[in-house]
Amino acid sequence: MSRLDRIEDLPGLKRVAPKRSTQRFVLAWLAAAAWPPLVLTLLVWPPENWASGVDTDWRLVLLVVGLIAAPIGLRLLLRGHAASGRPSTRLGVVARFMVFGGLLAAAVQILIALIMSLLSAFSAQSLVQGLGALETTLLIFGVAGLPLAILVGVSYALWAGLCVAFIAFSPAPVVKDRMGLMRDRAV
């Protein structure tokens, strides 16, 4: 049994580095996009409307967003790691995915709320009816739907971050301080 003498000994805080394998990145991308609640509900309850449009099943939209966002997030993460060496832990990888996944979910939900509001306002018969439809749609999709979308986005991003952290990253090799130059001078 190991002791927790240093903060680096806590789970998820050991240094990691990206694996240099295209197969690992593709596997991490596909695993990140295959969020289990989404895949299971698609298998158990197939969508009624597969066509693109306003009535498209939200699970299909979420799957498409995940298939697009996962490789972009992985690429940005690798670019940031190459430039600054951060994130250097698995916990850092997961945290970045969760933060940016929540922001992406909020942005997509706001975009959907605006599009649906404009569609409902323009399909109304009169100006007053259009304003009422605009208000109702903004309340439903914007106010009520935004917290739910962020919750779903963060949990999807948690899954994606865990997949990327454990598939595309491996423990970093330990660098030995042979000349004594890497010691912390403040200690």
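These exercises work through helix packing and core residues in a predicted model.

**Exercise 1.** Find which residues have the most contacts inside the largest nonpolar core, and which helices supply the core.

*Solution.* Start with the core itself. It has 19 residues. Val93, Val164, Ala168 and Phe169 have the most contacts inside it. Next, turn to the helices. α1 (22–33), α3 (58–84), α4 (90–122) and α5 (127–167) each supply at least two residues. α5 gives the most, with five residues. Now take Val93. Leaving out residues up to four places away in sequence, Val93 touches Leu77, Pro87, Gly161, Val164, Ala165 and Phe169. Finally, look for another core. A second, separate one has eight residues, including Ala33, Leu60, Val152 and Tyr156.

**Exercise 2.** Decide whether Gly130 is buried or exposed, and list its contacts.

*Solution.* Place the residue first. Gly130 lies in helix α5. Its relative accessibility is 7%. Buried means under 20%, so Gly130 counts as buried. Then list the contacts. Beyond residues up to four places away in sequence, Gly130 touches Ala121 and Ala124. Last, check a distance. Ser117 is 13 residues from Gly130 along the chain, and their C-alpha atoms are separated by 9.3 Å.

**Exercise 3.** Describe how α3 and α4 cross, and what lies at their contact.

*Solution.* Take the axes first. They come within 11 Å and cross at roughly 135°. That angle makes α3 oblique to α4. The crossing is right-handed. Now the residues. From α3, Val65, Ala69, Gly73, Leu74 and Leu77 meet Val93, Arg96, Phe97 and Leu104 of α4. Sort them by class: seven are nonpolar, one polar and one charged.

Note on methods:
Residues are numbered from 1 along each chain as its sequence is written. This is a predicted model: local features need pLDDT of at least 70, side-chain atom pairs count only at pLDDT 80 or more; totals for chains, interfaces and linings use all residues. Side-chain values use heavy atoms; hydrogens and water are left out. A nonpolar core is a set of buried Ala, Val, Leu, Ile, Met, Phe, Trp, Tyr and Cys residues joined through side-chain atoms within 4.5 Å. Buried means under 20% relative accessible area, exposed over 50%, partly exposed in between (1.4 Å probe, protein chains only). Helices (H or I, at least four residues) and strands (E, at least two) are DSSP runs, numbered from the N terminus. Contact means heavy atoms within 4.5 Å. Axes are lines fitted to C-alpha atoms, for helices over the stretch in contact, and angles run from 0 to 180 degrees between N-to-C directions. Angles under 35 degrees count as roughly parallel, over 145 as roughly antiparallel, 65 to 115 as roughly perpendicular and the rest as oblique. A crossing is left-handed if the near helix is turned anticlockwise from the far one by less than a right angle, and right-handed if clockwise. Ala, Val, Leu, Ile, Met, Phe, Trp, Tyr, Cys and Pro count as nonpolar, Asp, Glu, Lys and Arg as charged, and the others, Gly among them, as polar.
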